[in-house]
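Please work through the exercises below with the model at hand. Each task is followed by a solution in steps.

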Amino acid sequence: MFAPKSLAEVCGGVEDLSVKKRDYCSERMPNIKVFCGNSHPDLTQKICDRLGIEVGRVVTKKFSNQETSVEIGESVRGEDVYIVQSGCGDVNDNLMEMLIMINACKIASAHRVCAVIPLFPYARQDKKDKSRAPISAKLVANMLSVAGTDHIITMDLHASQIQGFFDIPVDNLYAEPAVLKWIRENIPEWRNSCIVSPDAGGAKRVTSIADRLNVDFALIHKERKKANEVAAMVLVGDVRDRVAILVDDMADTCGTICHACDKLVNAGAVKVYAILTHGIFSGAALSRINESSFESVVVTNTIPQDEHEKKSSKITTIDVSMILAEAIRRTHNGESVSYLFSHVPL
């Protein structure tokens, strides 16, 4: 029988045990497993390449009655599990698939299950804006919690108060550092630009970017007749003889940003760019973009953009996989994630 070694002996007998103690504890941390749903396998592969690990084996299929079946193909007992699934494509199927994967890992004795949701589904239904309207984002939050999620990592929530719908930790990452980097590297006249929000809700996001670039900002106030139909737009601010950069968290049918583009051109803007975190592009969105006066419509790859890029030469994609991968690494190692709110990982 060998006597168990003390921590000092394990650490090599050095006096400064504080650093060694952390190393000793980190060795006993559960291993990391990253699983992928069907919504965005390309993003998951990039995240795993960044982390230097393989994508976990999982088989997802549907029965003939369209029920979703999930089989986790490797042991997750005592592991730190991250499930990457974005709220795009067949949103309801992908959401159900993620919930089943989370529950499958949880009841297979995973140490911790973290849902990585680049685009949070139903995020626009975050408040009761008319009588008898549901707050579907809260329902999704409840479903994720009941399925067994221990932690949520998402990006640019449509409304930041969605974090308060959860009783578990939520890391809402920002695409802003990657956006700033793209602006500085790809718009030569960025010092003579004006950052524009297409609605009042995005004013905080726009002022933050304008302050970081030390340029002016403008605001477009819109009045809606009904959802996805804009009645009137009023520009607040001066864009004459400047490069206008429209910034928003998501674009779906693109009616708003295309109307905003026309408004900015009529107001004297030299060039108009659009930068969006989530480019959903449903319905006639791509044809509207092709017919618009945009120099470029820049989106992140929180949603697959390959098909969209084929249909429109104006669409450019920023890769944010390194931000999500670094958030996973820091969460796994128990490090602070706040560095990512203002920096792009190298």
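Two exercises follow, one on a helix and one on aromatic pairs.

This is a predicted model, in which local features need pLDDT of at least 70, side-chain atom pairs count only at pLDDT 80 or more, and totals for chains, interfaces and linings use all residues. Residues are numbered from 1 along each chain as its sequence is written, and side-chain values use heavy atoms, with hydrogens and water left out.

**Exercise 1.** Determine whether the span of α11 agrees with its number of residues, and whether the helix is enclosed or not.

*Solution.*
1. Helices (H or I, at least four residues) and strands (E, at least two) are DSSP runs, numbered from the N terminus.
2. The expected span is 1.5 Å times one less than the number of residues; the 13 residues of α11 should therefore span 18 Å, and the end C-alpha atoms are 18 Å apart, which agrees.
3. Buried means under 20% relative accessible area, exposed over 50%, partly exposed in between (1.4 Å probe, protein chains only).
4. Eleven of the 13 residues of α11 are buried, so the helix is largely enclosed by the rest of the structure; among them are Met322, Leu324 and His332.

**Exercise 2.** Classify the pair Phe120 and Phe166, and locate both residues.

*Solution.*
1. Rings of Phe, Tyr and Trp (its six-membered ring) pair if their centres lie within 6.5 Å; planes under 30 degrees apart count as stacked, over 60 as edge-to-face and the rest as tilted.
2. With 6.0 Å centre to centre and 85° between the planes, Phe120 and Phe166 are edge-to-face.
3. Phe120 lies in the loop between β5 and α5 and Phe166 in the loop between β6 and β7, so the pair ties together parts 46 residues apart in sequence.
4. Both Phe120 and Phe166 are buried.
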